[in-house]
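User: Hello! I would like a close look at one part of this model, followed by how its surroundings are put together.

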Amino acid sequence: MDGGHHGRDGGDSWRSGVVGGDGPFGSGGFFGSGGGRGSGPAAHRYDHGPGFGSIEERDAPGAREAPQDGGTAMELPDGIRTEIRALCQEGDALVGLGEFAEAKQRYLEALRLLPGDHRTWAAATWIYVAIGDVHFRLGVHDRAYKCFHNAVQCPDGLGNPYVHLRLGQTAFELGDHDRAADELIRAFMGGGPEIFEEDDPKYLGFLRTRADLNRPGAVTS
């Protein structure tokens with residue numbers, strides 16, 4: 001089984017082969033009580049993506065999960081929600097200690113708790129991002145790419161600048177520069193140059209060779 005949170009790590013594979021574990025959301029994690037960066041390098045970038053809202057909003061009692069098929073909004077049972085929150089917090093704490101393999105397992109356990117088709121739940125988006133970021137940091141770019149690709153297929157993943165940033169970066173590392181340019185321009189358009197600030201400058205440098213960043217959207221061949 002594989003899954004992903006922010007970080008680098010190898011591991012199992014789940015359905016489409018996702019794996020990973022690292023805590024990009026800081027000490028609060030996906031379900032934390034605060035919206036600060038904490039120790040997670042991606043916390044503020046991910047949280048500011050469209051459709052995700054603040055950590056407090058995502059953790060609000062009775063928060064509703066909207067199925068992608070446009071059906072009636074559903075709610076995670078309280079017991080499952082509590083377990084998922086606890087597992088993600090444990091994963092984030094382990095990431096802070098550099099225990100990526102153990103963190104990944106916590107995130108995978110959380111993912112497995114989602115009822116039915118897990119991709120209909122917003123929580124799956126956050127968990128895939130977490131696992132993918134772990135892989136990214138560990139340099140396991142193929143698995144990281146799969147995690148972020150899965151996140152795009154979950155609620156509010158498509159269009160989130162941070163998800164597109166990581167998709168572009170992993171595509172770049174895998175040698176798919178056309179896909180990398182497409183994803184990175186999406187990240188730039190949604191999050192501006194600031195979203196690139198905490199990563200290697202090579203990614204923004206690459207994008208500048210493929211797009212006129214004064215006119216976002218015009219990716220050159």
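Leaving aside its neighbours within four places in sequence, which residues is Ile80 in contact with?

Analyst: Apart from neighbours within four places in sequence, Ile80 is in contact with Leu113 and Pro115, where contact means heavy atoms within 4.5 Å. Ile80 itself sits in helix H3, residues 78-96. Its partner Leu113 is 33 residues away in sequence, yet the two C-alpha atoms are 6.7 Å apart in space.

A word on the basis: this is a predicted model, in which local features need pLDDT of at least 70 and side-chain atom pairs count only at pLDDT 80 or more, while totals for chains, interfaces and linings use all residues. Residues are numbered from 1 along each chain as its sequence is written, and side-chain values use heavy atoms, with hydrogens and water left out.

Now for the wider setting. The protein chain has 9 helices and 2 strands, taken as DSSP runs numbered from the N terminus (helices H or I, at least four residues; strands E, at least two). Its elements follow the order α-α-β-β-α-α-α-α-α-α-α from the N terminus. Of the contacts with a separation of 6 or more, 59% join residues 24 or more positions apart. Among the 221 residues, 52% count as buried, meaning under 20% relative accessible area (exposed is over 50%, partly exposed in between; 1.4 Å probe, protein chains only).

Helix H7 is a good place to follow the packing. Its 13 residues reach 18 Å from first C-alpha to last, close to the 18 Å expected at 1.5 Å a residue (1.5 Å times one less than the number of residues). H7 is mostly covered, with 12 of its 13 residues buried; these include Tyr162, Leu165, Arg166 and Phe172.

On one contact, H7 meets helix H6 (residues 141-152): their axes come within 9 Å and cross at roughly 150°. Axes are lines fitted to C-alpha atoms, for helices over the stretch in contact, with angles from 0 to 180 degrees between N-to-C directions. H6 is therefore roughly antiparallel to H7 (over 145 degrees; under 35 is roughly parallel, 65 to 115 roughly perpendicular, the rest oblique). The crossing is left-handed, with the near helix turned anticlockwise from the far one by less than a right angle. Residues such as Tyr145 and Phe148 of H6 are among those that meet a set in H7 including Val163 and Leu167. By class, this contact has 9 nonpolar, 3 polar and 2 charged residues, where Ala, Val, Leu, Ile, Met, Phe, Trp, Tyr, Cys and Pro are nonpolar, Asp, Glu, Lys and Arg charged, and the others, Gly among them, polar.

H7 also packs against helix H8 (residues 177-191), at about 155° with axes 7 Å apart, so H7 is roughly antiparallel to H8. That crossing is left-handed too. The residues that meet include Gly168 and Phe172 of H7, with Leu184 and Gly190 among those of H8. The class count here is 8 nonpolar, 6 polar and 3 charged residues.

H8 in turn leads to helix H9 (residues 202-210), where the axes come within 10 Å and cross at roughly 100°, which means H8 is roughly perpendicular to H9. Leu184, Ile185 and Phe188 are among the H8 residues making the contact, with Tyr203, Phe206 and Leu207 among those of H9. It has 9 nonpolar, 1 polar and 2 charged residues.
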